[in-house]
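Hello,

Here is the structure I promised to pass on to you. Please have a look at it first, and then read my notes below.

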Amino acid sequence: PQKTSFHRSQTLGYKNGFAFSRLPTVGIGGERLYVNQLSQAELDELSNMRPTLTYGQARQAPPSGFIPAHVAFDKKILKFDAYFQEDVPLSTEEHYRVRQVGIYYYLEDDSICVIEPVVKNSGIPQGKLIRRHRVPKNDRGEHYHWKDLNRGMDITMYGRTYHIVDCDPFTQAFLESQGIELNQPEKMVFDPYTEMRRMPLRMYITPSDFDQLKQFLTYDKQVLRFYAMWDDTNSMFGENRPYIIHYYLADDTVEVREVHKPNDGRDPFPVLIKRQRLPKTFVEKQKTFPSCVLEISDQEVLEWYTAKDFAVGKSTTLLGRNFFIYDCDEFTRNFYRDKFGITDFQPVEIKEKPPEEVPQVIPPYNGYGFLEDSLQNCFSLFPKPPRKDIIKMLENDHKVLRYQVALESPNPEDRKRRFILSYFLSDDMISIYEPPVRNSGIIGGKYLGKTRIAKPGSTTDNAIYYGPSDFTIGSTIEVFGHRFVITDADEYVLNYMESNAERFPAATLQSLRDHLRPQQVVEETAKSDVPALGTSQQELDELIVRVQEELKLHNYLNNSSIREALLRCDKDGSGVLDKAKFLSLCNSLSVPTNAVLVNKV
């Protein structure tokens, strides 16, 4: 591994202009060849050979004397440049300290000495760190030898690690003569705190030729005014906001002021950026530089904003905000015309973006309260009660239309239940009341409070409510999942609709007339106890139709069983039954009876 040359020796050459060849002395890799050379015995013989004719037989040369190591290597020292690093835990200015040392190796006795150059007023004990002696290498009793030292390596002596960076020329020549391949030299590491202390505390800057006093006296109280817009619509709740940029010519400072409008809802803070010099280009700095904390000086800024950086129709970035300048005042135009020769000051028209129309989504009706009252919570933060038609309430006060309704239900207990539906004309509300019936097992009373009832299929956007036009005899009304059939109406309902016939459909009015007019005739006949003479066949047919319609409202009736019961009661086959017997038979068969229709029959 110590071989460094692997070429063949040169054997052909020229001497005094003649070509000659010689035998190689070393082989590949620089290894000595003993084949083509004289042996040691031949060399000794040649060295002792003298001409015998002149001087006689030569005498044997005496052998060379023995030289001990302390004499051969006396005052021969190997010097290495090294350093070590130690921690400084109790200091805010430095966290570690680099100390340079010199490692001296004495060849005469293989001893080592470590010396640190003394620095005045350092406060550190320096000088000889390790006295001269053989330094132990490990726990096995071995000691450091010059073969263990080389450049670019770490050596640990008594718990402290030294890094060798270089050596002197004598050391380099000695190690190379002994066949040791040295590493490349390294640069010495210096202590950062010591280097900082060596820097001059004060740095003098040559003042410029620019006269700031002359600038102040010339441009005092002269301000350039620009009108700008800050487009902040990309951020949440952002908008286009107008600002005024003031550039003070006296000291090259910039100020940005807000433009407030009446009732704009903003706090009255007039200044967005106070008057100061604004940096345009920064010096390249590290990411860890705390620019948001330290004050900005000329050392951190390459270029500041000047009057040349502001122009109408261009955007300018001031402290991270992009301002678009769309106009300036008359003094600013004259200044740029005289100073820079700029004549284009065409103001830019600013068009405000129309706000995006957000469709208002009305949530579905939850069933609590009135629809119009609950809908106000979707239109305003502080809902107001819906407006009422005061004139309608005054004109129709205490006007109620009453209807008799029957409940459609598959339960036999609900088939005989009758309800009174009241329609209030003043506010178009409906209430349902059930008259109590003794021994029915059902507690009567209020069935539904006053409310407005929407028709099936209507939505919250287009709600359609039940009105008097929908209440015809025999029609079905759905009230919150329950179906009611109108079986009768109050006489006041017919009189009210006839007096306001133009407001109601003709079919509704005719239905009430067909239902109530025969009842009035029957009631008058029943009061007089005189049978109605001259009843036509047409009236009889109409009566039969009304009875059939009344029976059709009750799907649970069995017509065949009713017919058989009536035939059993008519024992003589005359086709005539007593009224009291007929009513008792209907009661036993659960057939509903209308007193008016029974009297008319």
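**What turned up**

Not counting residues up to four places away in sequence, Asp191 touches Glu94, Tyr96, Arg97 and Val98. Please keep in mind as you read that this is a predicted model.

Let me stay with Asp191 for a moment. It sits in the loop between helix H3 (169-177) and helix H4 (192-198). Which side chain of opposite charge is nearest to Asp191? That is Arg97, 4.9 Å away. A salt bridge needs a nitrogen and an oxygen within 4 Å, and Asp191, though buried, has none. The side chain of Asp191 does reach the backbone nitrogen of Val98, at 3.4 Å.

Phe190 is found in the loop between H3 and H4 as well. Leaving aside neighbours within four places in sequence, Phe190 is in contact with Val98, Gln100 and Glu195. So Val98 appears in the contacts of Asp191 and in those of Phe190. Phe190 counts as partly exposed because its relative accessibility is 47%. If you would like a sense of scale, the C-alpha atoms of Phe190 and Ile342 are separated by 57 Å, with the two positions 152 residues apart along the chain.

Glu195, one of the contacts of Phe190, also takes part in a salt bridge with Arg198 (3.1 Å, N to O). Both residues lie in helix H4, three residues apart, which is about one turn of the helix. Is each partner buried or exposed? Glu195 is partly exposed, at 31% relative accessible area, while Arg198 is exposed, at 60%.

**Other salt bridges**

How many salt bridges does a search of the whole structure find? The count is 26. Here are some to look at:

- Asp81 pairs with Lys79, and their closest N and O atoms are 2.6 Å apart. Asp81 is partly exposed, with a relative accessible area of 26%, and Lys79 is partly exposed at 26% too.
- Arg132 pairs with Glu108, with 3.1 Å between the closest N and O atoms. Arg132 lies in strand S6 (residues 127-133) and Glu108 in the loop between strand S4 (96-106) and strand S5 (111-116), so this pair ties together parts that are 24 residues apart in sequence.
- Glu86, Glu94, Arg97, Arg99 and Glu116 are linked in a network of salt bridges. Glu94 and Arg97 are also among the residues that Asp191 touches.

**Backbone and surface**

Most residues other than glycine have a negative phi. Some residues here have a positive one:

- Tyr158, with phi near 55°, is in the loop between strand S7 (154-157) and strand S8 (160-167), and is exposed at 54% relative accessible area.
- Asn439, with phi near 60°, is in the loop between strand S19 (429-434) and strand S20 (445-451), and is exposed at 83%.
- Lys221, with phi near 65°, follows H5.

At the other end of helix H5 (residues 212-219), Asp211 caps the N-terminal end, with a side-chain oxygen 3.2 Å from the backbone nitrogen of Leu213.

On the surface, Leu38, Leu43 and Leu46 make a nonpolar patch of about 270 Å². Leu43 has its place in helix H1 (residues 40-48) and is partly exposed, with a relative accessible area of 40%.

Happy exploring, and best wishes!

Conventions:
Residues numbered from 1 in each chain as written. Predicted model: local features only at pLDDT ≥ 70, side-chain atom pairs only at ≥ 80, totals over all residues. Heavy atoms only, no water. Helix = DSSP H or I, 4+ residues; strand = E, 2+ residues; numbered from the N terminus. Buried < 20%, exposed > 50% of the residue type's maximum accessible area, 1.4 Å probe, protein only. Lys, Arg positive; Asp, Glu negative; His and termini not counted. Polar contact = N/O pair within 3.5 Å; in protein donor to acceptor, adjacent residues only side chain to side chain. Contact = heavy atoms within 4.5 Å. Patch = residues over 30% accessible without salt bridge, like charges linked within 9 Å, V, L, I, M, F, W, Y side chains within 5 Å. Areas by Shrake-Rupley, 256 points an atom, 1.4 Å probe, with all protein chains shown as cover.
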